[in-house]
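I opened the notebook with a short list of things to look up. The pocket comes at the top of the list.

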Amino acid sequence: MRRYIDDRRQILIDQHCADREALFVRRNGSSLTTASASDAIRRILRRPGIKSAQGRVGARPYEFRHAFAVHRLTMWAQEGVDIHAKLPLLSAYLGLDELSVGAALQALKQPAPAQILF
């Protein structure tokens with residue numbers, strides 16, 4: 001991911017694009033759609049064999065999102081941050097209308113797949 005972020009930054013500079021809110025961008029600097037980003041992540045996961053060639057076996061793009069949410073919640077908890085106050089920020093970042101405290105606590109109890117932990 002760090003390499004991708006560096007490459008993304010260079011694409012935006014080369015294409016004279018303002019830094020977009022979208023994490024995944026095309027070579028011309030425009031934002032990827034959700035479907036295109038999911039397809040790209042699946043291809044990346046299939047190259048080293050983390051995900052099988054077909055079907056829903058193995059890691060899915062969703063796990064990146066889950067791992068990010070769990071990582072952020074864990075960091076906030078370790079830092080003593082008021083998680084209740086931060087949930088609207090996490091919800092907005094994940095593109096959700098609302099994230100309940102119960103759902104957040106449930107996410108902390110569910111470990112993300114080992115191959116994509118940060």
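I sorted the lining of the largest pocket by residue class and got 26 nonpolar, 7 polar and 10 charged residues. The model is a predicted one, and I read every entry below with that in mind.

**Pocket**

I looked up the volume next. The largest pocket comes to about 1,900 Å³. Its lining is made of 43 residues. I then asked which residues lie nearest the centre of the largest pocket. They are Met1, Tyr4, Leu23, Phe24 and Ile41.

Which helix gives the most to the lining of the largest pocket? I found helix 2, with 9 residues. Helix 2 covers 34-46. I noted that helix 1 (2-14), helix 3 (61-79) and helix 4 (83-94) also supply at least two lining residues each.

**Phe64 and Ile41**

I stayed with Ile41, one of the residues nearest the centre of the largest pocket. I took its distance to Phe64, a residue of helix 3. The two are 23 residues apart along the chain, and their C-alpha atoms are separated by 9.5 Å. Is Phe64 buried or partly exposed? Its relative accessible area is 23%, so I filed Phe64 as partly exposed. The cut-off for buried is under 20%, so 23% does not meet it.

**Nonpolar core**

I searched for the largest nonpolar core and found 7 residues in it. I listed them as Ala69, Leu73, Trp76, Ile83, Leu87, Leu90 and Leu94. Helix 3 and helix 4 are the elements that give two or more residues to this core. Helix 4 gives the most, with 4 residues.

I picked Trp76 out of the core for a contact list. What does Trp76 touch, once residues up to four places away in sequence are not counted? I wrote down Val81, Ile83, Lys86 and Leu90. Ile83 and Leu90 are also on the list for the core.

**Salt bridges**

How many salt bridges does the structure hold? I counted 2.

One joins Asp6 to Arg9, with the closest N and O atoms 3.2 Å apart. I placed both residues in helix 1, where they sit 3 residues apart, about one turn of the helix. I checked accessibility as well. Asp6 has 46% relative accessibility, so it counts as partly exposed. Arg9 is also at 46% relative accessibility and therefore counts as partly exposed.

The side chains of Arg42 and Asp39 meet in another salt bridge, at 3.2 Å from N to O. I asked why about one helical turn separates Arg42 and Asp39. They are 3 residues apart in helix 2, so the separation is about one helical turn. Arg42 has a relative accessible area of 28%, so I entered it as partly exposed. Asp39 counts as partly exposed because its relative accessibility is 40%.

**Whole chain**

I closed with the overall figures. I found 5 helices and 0 strands in the chain. From the N terminus on, I read the elements as α-α-α-α-α. What share of the 118 residues in the chain is buried? I noted 24%. I also looked up contacts with a separation of 6 or more. Residues 24 or more positions apart account for 26% of them.

Terms used:
Residues are numbered from 1 along each chain as its sequence is written. This is a predicted model: local features need pLDDT of at least 70, side-chain atom pairs count only at pLDDT 80 or more; totals for chains, interfaces and linings use all residues. Side-chain values use heavy atoms; hydrogens and water are left out. On a 1 Å grid over the protein atoms alone, a cavity is a set of points where a 1.4 Å probe fits but cannot get out, and a pocket is an open set with protein on both sides within 12 Å along at least five of seven lines; lining residues have an atom within 4 Å of a point. Grid points are joined across faces, edges and corners, and a volume is the space filled by probe spheres set on the points. Ala, Val, Leu, Ile, Met, Phe, Trp, Tyr, Cys and Pro count as nonpolar, Asp, Glu, Lys and Arg as charged, and the others, Gly among them, as polar. A nonpolar core is a set of buried Ala, Val, Leu, Ile, Met, Phe, Trp, Tyr and Cys residues joined through side-chain atoms within 4.5 Å. Buried means under 20% relative accessible area, exposed over 50%, partly exposed in between (1.4 Å probe, protein chains only). Contact means heavy atoms within 4.5 Å. A salt bridge is a side-chain nitrogen of Lys or Arg within 4 Å of a carboxyl oxygen of Asp or Glu.
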